[in-house]
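Okay, everyone, let's get going. I'd like to walk you through a structure that will be new to most of you, so please have a look at it on the screen.

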Amino acid sequence: AGATATDSFDGTVTVATSGTVDENMPGSYTLTYTASDAAGNSATALIRTVVVADTTPPVITLLGDASVNHEAGTAYTDAGATVMDSFDATVTVTTSGTVDEAVPGSYTLTYTASDAAGNAATAVTRTVVVADTTPPVITLLGDATMTIGVGSSFTDPGANVNDSFEGELSAEITGAVDEDALGSYTLTYNASDSAGNAATPLTRTVHVVDLTPPVITLNGEATLEHEAGTIYADAGATATDNFDTSVTVVTSGSVDAYKPGSYTLTYTASDEAGNAATAVTRTVAVTDTTPPVIILLGDATMTIGVGSSFTDPGTSVNDSFEGGLSPEKTGTVDENTLGPYTLTYNAVDGAGNEAIAVTRTVHVVDLTPPVITLNGEETVYHTLGTPYED
């Protein structure tokens, strides 16, 4: 606040202040005030003592609500609290009290804190009420809608009851099923926990009807191999039923006999009550298993004169499925060298079927006869009885 000085002669005199106060460091600080008038007369010095101290307690603030409702049987995680102090940067909050999530009741958590100067904050409390408020949950075992054949035995799959706090409970079932009478029957499942929380009821509808489907029997084999390129005629299937005298079998799917592959024919049937037979299938594998056939053009054995030109008559290739196949020829004929030569003809179709190889033998021989020239005359007259030298 400073100080003022008055003088009997000079009137107002300036006051000098010495000493400092460190507001951020608790302790005792001295300020000294001095003054002198124009004649050099010094006033009696005055002293002010300033004690810097932390007297403000910290303030605790709850995180979350001061009153919390917590579901029994679930883990409780406390939100805690924060604390602020006017001087200390960090102050620790201490929590006392516990919450037993497994035991319904009211629990109090108390939060306390003190700063380094020993100033205690006003304690803050949180009330946690542990209660079982969740009703049990019923889960049907099996389908909510079931159909059984009249006269057959019905076994209720039942239901599971689970409670978040008490665990497994038992369901109460009302209603019944008359297995010998056609109709629809309703079973109702209820449950409540010890706290009186009632589960949402569930129901199951059981229809008692004619459930016996017809039976399909294949004509012929279930798996067939069919030669590609030939007409496929399906053997079909028949169906018998415990009630209907005649049941029509419907065939779906087709077989492309001109395209190799696996084809599935499916046979289905339903009786007048709408009971569908178990579908039956036939797998038809269309495959090209017939190898091509090589036909020699010309003779299998040929003879040419040495030095003459040889022209191969070639072959033709026929395949039961593919057209336009060409043979592969191996071997050659040396027209200028005597000897037998073999030409081999092979062919493979697109399915990898190999034809039986065909061969042609070409004999290169000397076909030009020698020329005879007579020594002497063609007509000779010889004396009878004398030796003849030709």
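Let me start with one pair of strands: E17, residues 183–190, and E18, residues 202–209, pair in the antiparallel sense over seven bridges. By strand I mean a DSSP run of E, at least two residues, numbered from the N terminus, and two strands pair if DSSP finds at least two bridges between them. To pick out one bridge, Thr188 has Thr203 in E18 as its partner.

Before I go on, a word on where this comes from: it's a predicted model, where local features need pLDDT of at least 70 and side-chain atom pairs count only at pLDDT 80 or more, while totals for chains, interfaces and linings use all residues. Residues are numbered from 1 along each chain as its sequence is written, and side-chain values use heavy atoms, with hydrogens and water left out.

Now, which sheet do E17 and E18 belong to? They sit in an open sheet of four strands, in the order E13-E18-E17-E16, with mixed pairing. At the edges you find E13 (145–149) and E16 (172–174), each pairing on one side only. From one strand to the next, the twist averages 25 degrees; the axes behind that are lines fitted to C-alpha atoms, with angles from 0 to 180 degrees between N-to-C directions.

There's another open sheet of four strands, ordered E7-E11-E10-E9, and its pairing is mixed too. E7 (67–71) and E9 (94–96) each have a single partner strand, so one side of each has no neighbour in the sheet. E7 pairs with E11, residues 124–131, in the parallel sense over five bridges. There, Val68 has Val128 in E11 as its bridge partner.

Next, a single residue. Thr315 lies in strand E27, residues 315–318. Is Thr315 buried or exposed? It counts as buried, because its relative accessibility is 15%, and the cut-offs are under 20% for buried, over 50% for exposed and partly exposed in between, with a 1.4 Å probe and protein chains only. Leaving aside neighbours within four places in sequence, Thr315 is in contact (heavy atoms within 4.5 Å) with residues including Ile294, Leu296, Pro327 and Tyr345.

Finally, the whole protein. How many helices and strands are there? Zero helices and 30 strands. The C-alpha trace spans about 210 × 95 × 35 Å along its principal axes. And of the 390 residues, 28% count as buried.
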